[in-house]
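Colleague: Before I rely on any of the labels in this model, I would like to hear the reasoning behind a few of them.

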Amino acid sequence: MRNFIIDTDTASDDAVALVMALRQPDIAVKAITVAAGNVPLPMALQNALYTVELCGADAPVHAGCAKPLLRELETAQVVHGHDGMGDIGLALQGRRPADGHAADVLRDVIAANAGDITLVTLGPLTNVALALLREPALARQVSRCYIMGGIGAGHGNVTPTAEFNIWMDPEAAKIVFESGMNMTMVGWDISWKYATFDAEQADEIRRIGTPLAEFAVDIQATLAEFSKTENALPGFDLPDPIAMAAAIDPAIAEYGEFRVDVTTGEGLERGMTVVDVLGVTKRKPQMRVAASADRQAFVDMLKRSVS
């Protein structure tokens with residue numbers, strides 16, 4: 001068994017990524033830690049708890065940070081729906097998270113599984129940054145961290161130059177990126193190129209006919225419309241699931257090793273991931289960056305997860 005921790009701001013694409021990990025037979029999800037991002041923290045918690053219950057899993061879900069380290073919360077509810085799950089009427093109330101703040105849980109679970117833990121981050125890096133500020137040595141105890149965030153090449157989805165997760169809390173991202181952790185960045189460019197589903201492709205998933213297959217597609221209702229009208233995509237894309245797929249099977253993507261810095265200014269300078277492709281800064285690369293992915297392998301994994 002491989003040990004995973006998943007840090008998430010659970011909305012519609014995060015939920016599918018959770019399903020993929022929770023349904024993987026050789027992965028033990030030791031903890032799910034939740035931060036505000038796509039939706040406010042209470043909603044993100046309920047979305048994670050609902051998804052775990054739907055999978056029949058027993059992974060503990062822990063509440064974390066309700067806002068970025070230094071900034072006010074600005075959600076992506078316009079993208080994922082008010083409830084973050086497409087506003088399709090799911091019963092997303094009344095479930096209770098496990099005890100313990102996410103930053104403390106990250107510290108404790110990583111330390112207990114030092115050298116044998118994969119951390120997958122699907123949202124703003126607030127919880128992870130806070131844990132590292134409290135215990136910098138954690139960076140050396142994580143065997144591999146997969147970050148859904150940033151842009152390896154191309155344009156952003158919240159500004160022309162930034163992806164939402166990094167833009168939401170760039171100070172936290174900078175702490176994590178400079179921590180010395182063994183990191184892989186799966187940027188939004190990988191999602192829109194290799195993990196976008198038009199109506200026909202989405203129906204192919206839904207026709208699998210299981211509750212999980214229907215759930216995985218139906219909760220993208222708001223995202224599908226937003227993606228077409230605002231992101232010029234033919235349907236919804238699944239950035240968190242393709243990042244999770246890379247964590248489950250790294251061979252799904254191809255990578256390069258680069259120095260990646262995060263900018264923490266305002267306006268167009270907020271939340272950029274600056275990838276030093278040519279090595280012009282002469283600084284040592286600290287990030288493995290996904291450059292391409294095998295779409296068919298990803299889709300096959302997704303189908304197995306919901307079958």
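Colleague: What makes Asp 294 a cap of helix 14, and at which end of the helix does it sit?

Modeller: This is a predicted model, and in it a side-chain oxygen of Asp 294 lies 3.2 Å from the backbone nitrogen of Gln 296, at the N-terminal end of helix 14. A polar contact needs an N or O pair within 3.5 Å, so the 3.2 Å pair qualifies.

Colleague: How do you know that the span of helix 14 is close to the expected one?

Modeller: Helix 14 runs over residues 295–306, and its 12 residues reach 17 Å from the first C-alpha to the last, against the 16 Å expected at 1.5 Å a residue.

Colleague: Which residues of helix 14 are buried, and why are they said to line one face?

Modeller: Phe 298, Val 299, Met 301, Leu 302, Ser 305 and Val 306 are the buried ones. Seen down the helix axis, they fall within an arc of 160°, and therefore they line one face. Their packing partners include helix 1, helix 9 and helix 13.

Colleague: Why is Gly 56 called exposed?

Modeller: Exposed requires over 50% relative accessibility, and Gly 56 has 66%, so the label applies. Gly 56 is placed in the loop between helix 2 and strand 3.

Colleague: What makes strand 3 and strand 10 the edge strands of the sheet?

Modeller: The nine strands form an open sheet in the order 3-2-1-4-5-6-11-9-10, with mixed pairing, and strand 3 and strand 10 each pair on one side only.

Colleague: How do you know that strand 6 and strand 11 pair?

Modeller: Pairing takes at least two bridges, and three bridges join these parallel strands, so the condition is met.

Technical notes. Residues are numbered from 1 along each chain as its sequence is written. This is a predicted model: local features need pLDDT of at least 70, side-chain atom pairs count only at pLDDT 80 or more; totals for chains, interfaces and linings use all residues. Side-chain values use heavy atoms; hydrogens and water are left out. Helices (H or I, at least four residues) and strands (E, at least two) are DSSP runs, numbered from the N terminus. Buried means under 20% relative accessible area, exposed over 50%, partly exposed in between (1.4 Å probe, protein chains only). The expected span of a helix is 1.5 Å times one less than its number of residues. The arc is that of the directions from the helix axis to the C-beta atoms. Contact means heavy atoms within 4.5 Å. A polar contact is a pair of N or O atoms within 3.5 Å; within protein, one must be able to donate a hydrogen and the other to accept it, and residues adjacent in sequence count only if both atoms are side-chain atoms.
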